[in-house]
Amino acid sequence: MAPSLILKPGTSWSDAWQRCLAVAPEAFQDDRVLNLWGSSWQSDGRALAATSPVDGSPIAGPPRLDAATAQQAVRGSLDEHRAWRHTPLSERKARVTATLDALTEHRELLALLLVWEIGKPWKLAQADVDRAIDGVRWYVDGVDRMLDGRTPLPGPVSNVASWNYPMSVLVHAMLVQALAGNAVIAKAPTDGGVACLTLASALAVREGLPVTLVSGSGRELSESLINSPEIGCVSFVGGRDTGAGIASAVADLGKRHVLEQEGLNTWGVWNFSDWDALTAVIPKLFDYGKQRCTAYPRFVVQRSLFADFLEAYLPAVRSVRLGHPLAVEHADDPLPQLDFGPLINAAKAKELADQVADAINRGAVPLHQGDLAEGRFLPGQDTSAYVPPVTLLGPPPSSPLHHAEPFGPVDTIVLVDTEAELLAAMNASNGALVATLSTDDPDTYARLSPQIRAFKVGHGRPRSRGDRDELFGGFGHSWRGAFVGGELLVKAVTEGPAGERPPGNFPDYHLMP
């Protein structure tokens with residue numbers, strides 16, 4: 001019989017909220033967060049009801065602005081931009097560094113907010129905060145060289161990002177954009193992360209950074225945050241449907257843009273024998289329930305190796321740990337080391353479960369279906385946002401699981417007999433961010449990897465987004481506009497010599513190897 005679990009003392013949502021009220025009373029009011037625009041915190045907007053994916057309990061929801069107020073926010077950011085772009089670099093570095101020091105001081109609170117708002121296990125939530133802080137410090141140290149001969153954009157940078165990495169993707173980008181001399185605007189994701197972003201923004205504004213943070217529906221605010229002539233650059237992270245509309249808009253306007261979109265990242269297995277190495281990496285691929293832009297939900301396996309693949313894969317997937325991120329046996333126990341907790345909400349969990357059931361009804365073979373009863377949960381807690389690991393063989397072409405990223409703990413396997421089939425299956429989504437090919441022969445890898453339509457291709461190991469000296473982008477429909485990472489993140493939000501265009505996935509430009 002499994003031991004009864006309790007919530008770790010001091011980690012409740014109420015505890016986190018009271019700490020927010022104490023740390024940044026200007027940004028948190030009673031039971032709601034405020035919008036930040038016009039250089040001050042505003043109590044406008046209609047606050048949406050929200051619940052935590054962890055256990056379904058009420059948490060603070062985003063205070064949604066209307067289109068007219070969002071346009072005022074954009075104009076206010078432009079005023080900030082006009083002043084900030086002339087601030088000496090030495091002062092910008094000092095203010096960003098002070099912000100990083102403040103984020104470090106409140107690291108644990110930021111991580112706790114991520115647990116409750118988006119369901120990240122404690123270790124991964126801390127890593128999200130640390131990657132933002134450490135990554136921006138790297139830019140502070142090297143930004144003088146990166147900005148040599150470059151100037152800020154004519155208008156602020158508008159950030160519209162998904163909910164899954166509020167700190168290491170969104171806040172990281174915002175601070176580098178400000179370091180480069182731009183005012184920054186961010187739309188808080190509707191699905192989660194608004195309190196964490198509010199606290200981070202409050203700490204940044206205290207140090208004098210030109211930050212605007214607003215909430216609202218993408219459809220209502222897009223005219224202001226995407227199409228406004230005041231905006232100097234649009235940075236988007238999200239799905240292809242929304243991204244396609246933004247791509248069309250910024251192309252028509254000739255506006256600087258960075259558009260990171262979903263892609264089906266694949267892992268190919270061809271003429272391979274190091275099964276112990278594969279077994280070791282499988283649990284890691286389930287980090288955060290595969291709710292990552294660099295997750296690997298598809299394995300493309302040589303048919304003759306399928307039995308060996310299963311022998312390596314199945315024990316590993318059965319070892320994956322999920323449950324309530326803050327549940328412990330005893331009050332003084334450390335927080336659990338989980339691979340993942342809930343999905344972002346119960347609606348997403350149901351959608352994914354329905355897709356799995358439909359794929360099985362249409363002919364997919366279930367090779368593994370985990371059981372929530374094996375997870376770590378509090379007695380009687382709401383588990384509607386949790387989905388245990390699932391593995392399906394041969395998802396039918398009519399299923400979304402065949403061609404799209406599930407953004408959840410569902411693996412699909414496709415068997416192939418020829419190299420041509422391998423490449424076709426690995427390129428099923430017309431562009432991806434990362435891919436991996438496991439093969440024993442270096443020459444085979446060297447020959448096949450350039451034909452895989454992913455920006456980063458690993459040889460028997462997973463690839464990641466990367467923040468520092470390694471650039472990042474995508475091919476096909478997974479990316480539009482400037483590439484980022486390393487000094488390209490700075491180049492994407494600054495202007496260089498006349499006629500320069502940063503490397504990226506533009507219709508008439510391809511990055512040379």
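In this predicted model, 48 residues line the largest pocket, and those nearest its centre are Ser162, Trp163, Gly238, Gly239 and Thr242. The space inside the largest pocket comes to about 1400 Å³. Several secondary-structure elements contribute to this wall: at least two lining residues come from each of the helices α8 (218–225), α9 (240–253), α12 (346–361) and α13 (400–403), and likewise from each of the strands β14 (233–238) and β15 (256–261). Helix α8 provides the largest share of the lining, with five residues. Sorted by class, the lining of the largest pocket consists of 22 nonpolar, 15 polar and eleven charged residues.

A second site is also worth a look. The second largest pocket holds about 510 Å³ of space and has a lining of 22 residues. Nearest its centre lie Arg131, Tyr165, Arg292, Thr294 and Ser464. Two or more lining residues are given by each of α5 (122–146), α6 (166–179) and α10 (275–285). Among the contributors to the second largest pocket, α5 gives the most, namely four residues. In the lining of the second largest pocket, nine residues are nonpolar, nine are charged and four are polar.

For readers browsing the structure, handy starting points are Trp163 and Thr242, which are among the residues nearest the centre of the largest pocket, and Arg131 and Arg292, which are among those nearest the centre of the second largest pocket. From there, α8 can be followed along the lining of the largest pocket, and α5 along that of the second largest.

Definitions and conventions: Residues are numbered from 1 along each chain as its sequence is written. This is a predicted model: local features need pLDDT of at least 70, side-chain atom pairs count only at pLDDT 80 or more; totals for chains, interfaces and linings use all residues. Side-chain values use heavy atoms; hydrogens and water are left out. On a 1 Å grid over the protein atoms alone, a cavity is a set of points where a 1.4 Å probe fits but cannot get out, and a pocket is an open set with protein on both sides within 12 Å along at least five of seven lines; lining residues have an atom within 4 Å of a point. Grid points are joined across faces, edges and corners, and a volume is the space filled by probe spheres set on the points. Ala, Val, Leu, Ile, Met, Phe, Trp, Tyr, Cys and Pro count as nonpolar, Asp, Glu, Lys and Arg as charged, and the others, Gly among them, as polar.
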